[in-house]
Amino acid sequence: MGARATDKAAQPDRALARHQTPIISHVHAQGESRMTPSTPFSLDGRTALITGSTKGIGRAIAAAFAAAGARVWLHGRDQEAGERLAGELGARFVAADLAEADGPSALAQQVLEAEDRLDILVNNAGTATIQPLERLNLPEIDRTWQLNLRAPVQLTSALLPLLREAAHVGKDASVINISSIHETVPAPGNVPYAMTKAALAMYTKGAAVEWGRFGVRVNTLAPGAVKTNMMDEYNIGEEHFAKVARRTPLGRMGEVTDITGPALFLASAASCYVTGTTVTADGGSSLNLVRYGDEWVLPGTGEAPSQPVAVDDIAGND
Ligand SMILES: NC(=O)c1ccc[n+]([C@@H]2O[C@H](COP(=O)([O-])OP(=O)(O)OC[C@H]3O[C@@H](n4cnc5c(N)ncnc54)[C@H](OP(=O)(O)O)[C@@H]3O)[C@@H](O)[C@H]2O)c1
């Protein structure tokens, strides 16, 4: 399936109208809990869409959700990889370029046409833009904002009718926005990226406030540095991984599987009273993001930089 070029979100169509649900129809009776005590982490009977799930963190989350019983929609641009993975997981795959302005509505349209409800949406597709502020590349910044911020906002609103329908049938719907520890702390060279994640965190809180009444929970999951394709793209290698491990209380870089447990928590009934917050999965590294001279070091160790680090040395970025 490929992305279509029309902006359907701008012109709601019959597929959208079909999914309109009455406001507050799902709200719990007082004291009622939606958590099933014996299987709080089960996703049996749930339908989940994970954007950017052909690789990296998104792929690991999709596999974990499928293993927990969810019916999974995979998404990415790489049709071949997506369909291969869909075969392995018994999932469906949809292609759309979310860096294009009409990508989110094209993706939403395909899901709206195929599903009556959506229980879980993970806005994971994202890119890390590394550029010092004195060398602004505005087209690249625009692309980062489109993919990291505008796309999740647009996609979530377009799929809200399906999310509300899921809540309507008795279980909260869950939106998980994959952010970064840089939603609160910038690093040299990654300010355009950090700004998108900070805005995504505020979007999360705002959407949680507005959509709690629909039974739609919205949370942010903020990983620290995780070994993925994103690191390869910027040639971030073993030297950087060792630095991250040194300033991480748990003593190592993250693996994609370190992010799947928190994602499962936020997706499932285990987090039925959690909305509008950030769950950080970083081995504690954000506690140690303290600059010392031109280097990132563990605070209080007196570990001085061996040599000055230029701003476009991307060490310290996650
Ligand atoms: N890795 C880290 O250290 C780290 C740390 C904190 C937060 N994060 C966040 O975690 C998320 C995933 O990162 P990752 O490291 O797993 O990245 P990754 O390995 O590079 O995977 C990115 C995924 O997004 C898809 N994607 C990329 N550009 C896209 C576009 N324009 N349109 C549609 N899909 C697109 C890719 O699929 P196709 O190639 O098929 O399009 C791929 O499935 C991002 O939001 C990132 O900011 C990562």
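Is helix H9 (residues 257-267) mostly covered or mostly uncovered, and how many of its residues are buried? In this predicted model, H9 is mostly covered, with 8 of its 11 residues buried. The buried set consists of Asp258, Ile259, Thr260, Ala263, Leu264, Phe265, Leu266 and Ala267. Several elements contribute to the cover over these residues, including helix H2 along with strands S1 (47-50), S4 (120-123), S5 (173-178), S6 (216-223) and S7.

A wider view of the chain helps to place this helix. The protein chain holds 9 helices and 9 strands. It has 318 residues, of which 48% count as buried. Among contacts in the chain with a separation of 6 or more, 74% are made by residues 24 or more positions apart.

Nonpolar side chains tend to be buried together in soluble globular proteins. Here the largest nonpolar core has 65 residues, and those touching the most other members are Ala48, Ile61, Phe65, Val111, Leu159, Leu163 and Ala263. Helix H5 gives this core its largest share, 10 residues. Ala263 also appears among the buried residues of H9. Leucine 163 can be followed further: leaving aside residues up to four places away in sequence, it touches Leu118, Leu121, Ala173, Val175 and Val216.

Helix H5 itself covers residues 138-168. At 1.5 Å a residue, its 31 residues should span 45 Å, and the 42 Å between its end C-alpha atoms agrees with that expectation. The helix nonetheless has a kink of about 55° at leucine 160, shortly before proline 161. Valine 153 also belongs to H5. This valine has 17 other C-beta atoms within 10 Å, so it is classed as partly exposed. Its C-alpha atom is separated by 9.3 Å from that of threonine 204, although the two residues are 51 residues apart along the chain.

Threonine 204 leads on to helix H6, where it is one of the buried residues. H6 (residues 191-211) has 21 residues and reaches 30 Å from its first C-alpha to its last, close to the 30 Å expected at 1.5 Å a residue. Also buried in H6 are Pro192, Tyr193, Ala194, Thr196, Lys197, Leu200, Ala201, Ala207 and Trp211. The cover over the buried residues of H6 includes H5, S5, S6 and S7.

Strand S7 (residues 278-281) contains threonine 280. This threonine is buried because 21 other C-beta atoms lie within 10 Å, and the cut-off for a buried residue is 20 or more. Not counting residues up to four places away in sequence, threonine 280 touches Ile181, Ala222 and Ser286. Its C-alpha atom is also separated by 5.9 Å from that of proline 223, a residue 57 residues apart from it along the chain.

The surroundings of the ligand complete the picture. Around the ligand are 30 residues, and Gly52, Gly56, Gly76, Arg77 and Gly126 come nearest. By class, this shell has 13 nonpolar, 12 polar and 5 charged residues. Helix H2 (56-67) and helix H7 (229-233) each supply at least two residues of the shell. H2 therefore has a place in two parts of this account, as it is also among the elements that cover the buried residues of H9.

Technical notes: Residues numbered from 1 in each chain as written. Predicted model: local features only at pLDDT ≥ 70, side-chain atom pairs only at ≥ 80, totals over all residues. Helix = DSSP H or I, 4+ residues; strand = E, 2+ residues; numbered from the N terminus. Expected span 1.5 Å × (residues − 1). Bend = angle between axes of the 7 residues up to and from the residue. Near = placed C-beta within 6 Å. Nonpolar A, V, L, I, M, F, W, Y, C, P; charged D, E, K, R; others polar. Core = buried A, V, L, I, M, F, W, Y, C linked by C-beta atoms within 7 Å. Buried ≥ 20, exposed ≤ 12 C-beta atoms within 10 Å, placed from the backbone. Contact = placed C-beta atoms within 7 Å.
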